[in-house]
Amino acid sequence: MSSCHMKLLAIDPAEIRSGWAVLDFEDSEDSEDSMVSRLIDYGCIVSRNVKDKTRERGKALVVVRHGIESVLLKHNPDKVCIEVEIPKWQTSAKWRGRTDGVILETLAENGHETVDEFLPNQISYFFLGAAGAYKIKRDVKKTKTVELVQELYNVSVGDDEADAISIGLFKGI
């Protein structure tokens, strides 16, 4: 059996707090069909403080760009995946779109032209089942995702980092 290895960067973009995670996937020696994941690193790019709004939104996008560049430089992933979402509110959609655009442009400029994109409900369905994907409220989903990640990797994470890790798991497994 040939060994398969993939270092994956997963991103949960947002206007203010973009979670990211780097996971390493390898073939399991127990089975040809399963992969084993190892959490290498994770974090959150905080682009501005929502309460005092001291940083202009344009500068916040620069913070996101530099944060993504830093993660790419440090970890040099083989593949990248990102959660894509269409927010309900026009203002949120505008800024989420700008954040996604900056992230995708930064990835392309650093050699990652192909990025796998997933919807939040795809990921929720995979981890929480049909009821979890469509019937559970957002804050409950986030809590369940944090608990799942803490159980799997024995780490303390916030919901943005946990979302990024779950996106990576969804892609890798």
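Which residues does Y153 touch, not counting residues up to four places away in sequence? In this predicted model, Y153 touches L23, S37, R38, L39, I165 and L169 on that count. Two of the names in this answer, L23 and I165, return below with Y153 in the largest nonpolar core. The chain has 173 residues, and 43% of them are buried. Its secondary structure consists of 5 helices and 5 strands.

**Overall fold**

- Along the sequence, the helices and strands come in the order β-β-β-α-β-α-β-α-α-α.
- Among contacts between residues at least 6 apart in sequence, 61% join residues that are at least 24 apart.
- The chain has an accessible surface of about 9,900 Å², and carbon and sulfur atoms account for 48% of that area.

**Nonpolar cores**

- The largest nonpolar core has 20 residues, of which L23, Y153 and I165 touch the most other members.
- Strands β1 (5–12) and β2 (17–27), together with helices α4 (138–153) and α5, each supply at least two residues of this core.
- The greatest contribution to this core is that of α5, with 6 residues.
- Another core lies apart from this one; it has 18 residues, including I11, L61, V102 and L107.
- As general background, nonpolar side chains in soluble globular proteins tend to be buried together.

**Helix α5**

- Helix α5 covers residues 159–172, which is 14 residues.
- From first C-alpha to last, α5 reaches 20 Å, close to the 20 Å expected at 1.5 Å a residue.
- The helix is largely enclosed by the rest of the structure, because 12 of its 14 residues are buried.
- The buried residues of α5 include nonpolar ones such as A162, A164, I165, I167, L169 and F170.
- Acidic residues D160, E161 and D163 of α5 are also buried.
- D163, located in α5, has a relative accessibility of 11% and therefore counts as buried.
- Beyond four places in sequence, D163 touches D12, K142 and T145.

**Aromatic pair**

- A search of the whole structure finds 1 aromatic pair.
- The pair is formed by F118 and F170, with ring centres 4.8 Å apart; their planes meet at 85°, so the arrangement is edge-to-face.
- The two residues come from distant parts of the chain: F118 is in strand β5 (residues 116–118) and F170 is in helix α5, 52 residues apart.
- F118 counts as buried because its relative accessibility is 13%.
- F170 is buried as well, with a relative accessible area of 19%.

**Loop between β1 and β2**

- A14 lies in the loop between β1 and β2, and E15 has its place in that loop too.
- With a relative accessibility of 22%, A14 counts as partly exposed.
- A14 is in contact with R96 and T99, leaving aside its neighbours within four places in sequence.
- A14 and S47 are 33 residues apart in sequence, with 9.1 Å between their C-alpha atoms.
- E15 and R48 are also 33 residues apart in sequence, with a C-alpha to C-alpha distance of 8.4 Å.
- E15 touches S47, R48, R57, W95 and T99, not counting residues up to four places away in sequence.

**Positive phi angles**

- Most residues other than glycine have a negative phi.
- N76 is not a glycine, yet its phi is positive, at about 45°.
- N76 sits in the loop between α1 (57–75) and β4 (79–83), and it is exposed, with a relative accessible area of 58%.
- N154, another residue other than glycine, has a positive phi near 55°.
- N154 is in the loop between α4 and α5, and it is exposed, with a relative accessible area of 71%.

**Cysteines**

- The count comes to 0 disulfides, where a disulfide requires a pair of cysteine sulfur atoms within 2.5 Å.
- C44 is partly exposed, at 21% relative accessibility.
- C81 is buried, at 0% relative accessibility.

Technical notes. Residues numbered from 1 in each chain as written. Predicted model: local features only at pLDDT ≥ 70, side-chain atom pairs only at ≥ 80, totals over all residues. Heavy atoms only, no water. Buried < 20%, exposed > 50% of the residue type's maximum accessible area, 1.4 Å probe, protein only. Helix = DSSP H or I, 4+ residues; strand = E, 2+ residues; numbered from the N terminus. Expected span 1.5 Å × (residues − 1). Core = buried A, V, L, I, M, F, W, Y, C linked by side-chain atoms within 4.5 Å. Contact = heavy atoms within 4.5 Å. Phe/Tyr/Trp six-rings, centres within 6.5 Å; stacked < 30°, edge-to-face > 60°. Areas by Shrake-Rupley, 256 points an atom, 1.4 Å probe, with all protein chains shown as cover.
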